[in-house]
Structures are given as C-alpha cells and as structure tokens.
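Ready for a few exercises on salt bridges and a ligand site? Have a go at each task before you read the solution under it.

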Amino acid sequence: MFVEFVARGEKPKSMYDTVIAGAGPVGLLLACELAMRERSVLVLEKSVEADSPLKRMPFGLRGLNAPSVESLDTRGLLDEFEVTKRVKNPHAGMPQGAKRPIGHFAGIPIEQGLVDSSQWKYRLESSAPPIMLTEMAEVEQILARRAEELGVEILRGVDMTGYAWGNDHVLVECGERHFRGRWLVGCDGARSVVRKQGGFAFEGTEPEFTGYSLSVELHGAEALKPGRVMTTRGMYLQSQPGYMVLQDFDGGAFHASGRPITREHVQEVLRRISESEVTVTAVLAATTWTDRARQATSYRKGNVLLAGDAAHIHAPLGGQGLNLGLGDAMNLGWKLAAVIAGEAEESLLDSYEAERIPVGISVLDWSRAQVAMMKPTPEARAQHAIMRDMMETRDGATYVAGRVWGVTTRYEVGDAHPLVGMSAPNFAFDDGATMATLLRDGRGVLLDFAGDDAVRATAEEFALPYARRVAKDSLGLGAVLVRPDGIVAWVAESDVPLRRVLERWFARKVAA
Ligand SMILES: Cc1cc2nc3c(=O)[nH]c(=O)nc-3n(C[C@H](O)[C@H](O)[C@H](O)COP(=O)(O)OP(=O)(O)OC[C@H]3O[C@@H](n4cnc5c(N)ncnc54)[C@H](O)[C@@H]3O)c2cc1C
C-alpha cells in the first residue's frame with residue numbers, strides 16, 4: 001500500500017538514513033547498530049522523561065539471555081551493567097546451591113544443579129554468562145549513551161502520530177512536526193503506530209489471564225507461601241516482601257476494562273487466588289499485563305520495518321520479550337546499514353524476516369505452552385505434573401534452560417553444519433583477545449585457524465575483516481565466517497561453499 005508522497009505542512013530540514021519510532025531498548029540498540037556503520041539516525045520518543053519508577057527494580061527487573069548478553073559483549077557494553085553485580089537472586093527465600101532456580105517454565109523452577117551445559121557443544125568456558133539480571137532503565141541508559149556517542153539524535157517528548165510513504169523516503173508526522181527518513185523502523189512497542197498505520201497484519205491468540213505486578217503493604221503475609229504458587233484459582237508470587245505478581249485467569253477482562261487498580265480489587269484477587277485471608281493495607285504501585293500473543297505476519301513493507309514489541313507481543317513468562325526484540329535489532333542493524341550504504345542489495349532484508357519470524361513464533365508458542373499448563377483446570381494440572389517430572393531430570397532441565405537462555409537458538413540458513421546459524425562461540429585467543437573483541441567494530445570477521453591461503457584471498461577480495469588466530473580451543477574448526485551480528489555464517493567444514501554464503505550476505509551474485 002504505497003502512497004504517492006505528498007509533503008504536508010512544515011518542510012523537514014534534512015533527511016535521515018533511518019528514522020526510528022521509539023527509544024525503548026530495541027529502538028536504541030538498532031540506532032547504535034546503524035550509527036556504528038556511519039548511518040544517520042533519528043530516534044523519536046514520545047515520553048519526555050527517559051526514566052520512570054516502572055523501569056526500576058522491582059517492576060523494571062529484566063533477565064537478559066545468552067544472545068542478548070553476547071550482543072552487548074560484542075559491542076563492548078557488558079562492563080557498564082551494574083545491577084547484575086549487586087542482584088544475584090531477585091526472589092527472596094528461594095533455595096540456594098544446586099537447587100537454586102535459574103529460570104522457570106510455567107512456574108516450575110529450573111534447578112541449577114540439573115543443567116548439563118556439556119550438552120551445549122559450542123559454548124566455551126570463555127563464553128559470556130548465559131543469563132544476566134538488569135533493569136529496563138539501565139539497559140536504556142547504557143544504549144542511549146552509546147547511541148549519542150555515535151551521533152544518533154534522540155528527540156524526547158515527540159509523539160509519532162502517522163507517516164506517509166514515498167518511493168524513496170518516508171515522511172514521519174509528529175503532530176505539527178515532520179521528519180524525513182529513507183527508512184522508518186517501528187520500535188514503538190506493543191501498541192505500535194507504525195504497525196497499525198502501515199496495515200501490518202498482527203495475528204495470534206487472545207489472553208487467558210490478567211497479570212498484576214504490584215507493590216503492596218500486607219497484613220497477614222505469613223499466610224502466603226514462598227516462590228511461585230499455583231492454586232486452583234491462578235498463580236501468586238511474592239518475590240520480595242511486598243512485591244507481588246498475580247495471574248488471574250479472567251480472560252484478560254480486568255486489563256481490558258481499563259478500571260483503576262484499587263486496594264479493594266487487589267485484595268479480592270489476592271484472597272481468591274491465594275485462598276487465604278491476607279489483607280492488603282495499601283497499594284503503592286501497580287500495573288497489569290496479559291498473555292495476549294500476537295505477531296506481525298511480515299516485518300517489512302517497502303521502506304517501513306518493524307522490530308521488538310511492535311512486531312510481537314506475548315506474556316512475560318520466563319522473560320523473553322526484550323531478548324526477542326534485541327535479537328531483532330542485532331539482526332536488522334547490519335543488514336539495513338549495508339543496504340543504505342549500497343554494499344548489499346535490498347533483498348538482503350528478506351533474510352531479516354526469514355530469520356526472525358520463526359524465532360518469534362517459537363517464543364510465542366513457548367509462552368502459550370506455559371499458559372496452557374498454568375490454567376487452573378484439572379487438565380492443565382495433569383500436564384503441569386508431567387512437565388515437573390521431566391524438569392527434574394537432567395535432560396529435561398537442560399532442554400528447558402537451553403530454550404529459556406536462548407543458547408540453542410539457531411537460524412535455518414540452509415547449511416547442515418550445526419554451528420552455522422548459531423551465535424559464534426566466544427573463542428579465546430593466545431594473545432588475550434576473544435571472539436567478542438574481534439566483533440567490536442560491527443563488521444564481522446573471517447577467522448582463520450588453519451592459515452588457509454584461499455580463505456585469506458577470499459577475505460581480501462570481498463574486503464571482509466580477516467583474522468589469522470590460534471584459539472585455546474578452536475572446536476576442531478579450520479575457519480569460521482562470523483556475521484556482524486555475531487552469527488556464524490560459514491565454517492570450513494560446511495557443506496555450502498564460502499562464495500555461496502557471500503552471495504547471500506551481499507544479496508547478489510558474486511564472481512566464481
Ligand atoms: C512485567 C513484565 C516483565 C518482563 N520481563 C522481561 C524479562 O525479564 N526479559 C525480557 O526479555 N522481557 C521482559 N519483558 C518484556 C519486555 O519488557 C519488552 O518486550 C521490551 O520492553 C520491548 O522493548 P521495545 O523497545 O520493543 O518496546 P518498549 O520497551 O515498549 O519501548 C517502546 C518505546 O516506544 C515509545 N513509543 C510508543 N509509541 C510511540 C510513538 N507513537 N511515538 C514515539 N515513541 C513511541 C514508548 O514510549 C517506548 O519508550 C517483560 C514485560 C513485562 C510487562
């Protein structure tokens with residue numbers, strides 16, 4: 001649905017390579033990825049203030065998984081994260097040692113001592129941690145600082161209200177103000193204006209419950225059990241004194257009603273779910289959410305793209321949404337930068353959808369499977385009991401941890417070698433460098449362990465960064481091509497020739 005571009009109102013002063021709607025974590029990471037490749041980026045953010053209590057602990061607590069932690073590591077940002085250094089376990093009263101829960105599926109804890117990481121053949125000792133706790137405010141602050149250092153313009157208090165597509169650019173409207181970009185990326189969250197105005201289909205399933213994140217004062221709190229407690233009415237979790245999460249299986253009705261979250265209402269829901277006489281004496285802060293699960297059926301229409309919650313929404317069970325969105329930004333960033341620079345054909349962007357939509361489907365289904373097992377019905381309880389038995393086995397716990405931590409995520413890129421399409425192992429080299437440090441400049445690398453002249457010549461021919469290194473453990477590989485987003489594109493042991501991979505990378509036929 002392209003419309004002929006008609007300039008309206010005030011004439012924009014300049015043209016940006018990319019305008020990004022939304023300075024959430026996804027918009028900011030994407031801005032960094034584009035700006036580090038010298039693309040001009042404008043980020044429009046409707047909130048005036050960058051910080052808010054909801055972005056701070058406990059409401060703003062977020063778990064980053066392996067792909068997110070690795071991405072931050074490859075960009076040299078990991079050391080700036082402080083919350084992880086002081087908060088090791090956010091849930092008070094949880095078991096420690098081998099029984100320490102390091103995530104959950106449908107409220108069933110994953111016990112640390114059962115996870116057999118030796119099953120993840122490509123994770124090396126030098127790998128970044130597979131999980132890290134942070135706050136929304138911290139992620140956004142670090143990414144905003146980096147973005148501004150890289151020359152990104154972030155305009156706060158600017159609400160994007162609409163846009164008009166032209167053949168070679170997009171006119172973005174923010175009330176009376178207008179901005180132009182060759183590309184527009186909607187990182188404007190679950191209620192995305194970019195998605196709605198662009199007519200992107202957003203398909204999926206309706207909610208089963210209203211979720212509550214609450215800061216409350218309680219009388220008689222000792223009646224509540226520690227941990228995530230499933231009852232015949234729903235689920236409650238008191239993770240720290242006074243901080244509660246509830247799931248009330250009302251079909252999402254309360255969240256949709258827009259009614260205020262009063263003390264009386266919270267007490268009624270908590271008493272009903274916990275089957276106790278606990279009294280709520282004050283509600284200090286409260287927010288609701290649901291398990292509505294929807295995904296855009298395409299992430300691109302011409303020069304308009306979607307990423308993050310704008311492209312997919314689901315329940316925050318097991319904390320996946322931010323990770324999914326950061327993965328979108330990493331995947332899209334280098335591709336869009338290469339297209340803007342004329343280094344690759346526009347069709348390279350087809351691989352953004354081809355790679356990220358299946359990851360989104362898998363995360364939405366992971367969320368739906370949990371909701372199905374958490375419902376207060378006899379059938380769900382029966383499935384839940386079986387799942388609990390399986391998660392008490394080594395293989396069961398390892399499988400679930402692999403999915404939650406994202407260490408088994410792999411793009412299907414048409415190569416049978418199991419490493420191709422996965423995050424590159426964080427090889428440690430004899431000179432003290434690591435794979436993460438080789439990826440700092442966001443250009444990818446052709447890493448040669450064997451000193452193969454043909455590999456070196458191909459790198460020179462395509463102006464690919466080349467590194468001849470000795471790794472402490474090269475996992476028996478001769479050479480590895482790693483994309484700018486840290487994904488392995490080819491290994492010397494691949495069944496696909498290097499040139500065919502480069503054809504995909506540059507999205508054009510390369511000389512034989
Ligand atoms: C209770 C809860 C717990 C969660 N826990 C986790 C977790 O542990 N791990 C995890 O991975 N995920 C978690 N999530 C999900 C995660 O917070 C989101 O998936 C993530 O914030 C999405 O980032 P985003 O940048 O796409 O969108 P957002 O964070 O929603 O940012 C969108 C930005 O766009 C701005 N915006 C919106 N409309 C406009 C407009 N018209 N013009 C300009 N700007 C606009 C907004 O103000 C906002 O700043 C949780 C979510 C909830 C609700």
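**Exercise 1.** Work out whether Lys 99 is buried or exposed, then find its salt-bridge partner.

*Solution.* Start with the accessibility in this predicted model: Lys 99 comes out at 51%. The cut-off for exposed is over 50%, so Lys 99 counts as exposed. Next, look for the carboxylate: Glu 111 forms a salt bridge with Lys 99, and their closest N and O atoms are 3.4 Å apart. Finally, place the two along the chain. Glu 111 sits in strand 5 (residues 108-111), while Lys 99 is in the loop between helix 3 (83-86) and strand 4 (101-105). The two are 12 residues apart, and the pair links distant parts of the chain.

**Exercise 2.** Take the salt bridges of Arg 56 and Arg 483, and classify the residues in each as buried, partly exposed or exposed.

*Solution.* First, some background: side chains of opposite charge can pair when their charged atoms come close. Arg 56 pairs with Asp 51, with 2.7 Å between the closest N and O atoms. Arg 56 has a relative accessible area of 28%, so it is partly exposed. Asp 51, at 32%, is partly exposed as well.

Now for Arg 483, whose partner is Asp 485 at 2.8 Å, again for the closest N and O atoms. Buried means under 20%. Arg 483 has 7%, so it is buried, and Asp 485 is buried too, at 10%. One more step: follow the shared partners, and Lys 335, Glu 355, Arg 483 and Asp 485 join into one network. A search of the whole structure turns up 31 salt bridges.

**Exercise 3.** Describe the polar contacts of the ligand and how far the protein covers it.

*Solution.* Go through the contacts atom by atom. Asp 309 has a polar side-chain atom 2.7 Å from a ligand oxygen. Asp 159 puts a polar side-chain atom 3.1 Å from a ligand nitrogen. With Gly 319 the backbone takes part: one of its polar atoms is 3.4 Å from a nitrogen of the ligand. As for cover, the ligand on its own has 1000 Å² of accessible area, and the protein covers 83% of that.

**Exercise 4.** Which elements and residue classes make up the shell around the ligand?

*Solution.* Helix 1 (25-35), strand 2 (41-45), strand 3 (61-65) and helix 8 (321-340) each give two or more residues. Helix 8 has the largest share, with three residues. Of the 28 residues around the ligand, those that come nearest are Glu 45, Arg 62, Gly 63, Asp 309 and Leu 322. Sorted by class, the shell holds 11 nonpolar, 11 polar and six charged residues.

How values were computed: Residues numbered from 1 in each chain as written. Predicted model: local features only at pLDDT ≥ 70, side-chain atom pairs only at ≥ 80, totals over all residues. Heavy atoms only, no water. Salt bridge = Lys/Arg side-chain N within 4 Å of Asp/Glu carboxyl O. Buried < 20%, exposed > 50% of the residue type's maximum accessible area, 1.4 Å probe, protein only. Helix = DSSP H or I, 4+ residues; strand = E, 2+ residues; numbered from the N terminus. Near = heavy atom within 4 Å. Polar contact = N/O pair within 3.5 Å; in protein donor to acceptor, adjacent residues only side chain to side chain. Areas by Shrake-Rupley, 256 points an atom, 1.4 Å probe, with all protein chains shown as cover. Nonpolar A, V, L, I, M, F, W, Y, C, P; charged D, E, K, R; others polar.
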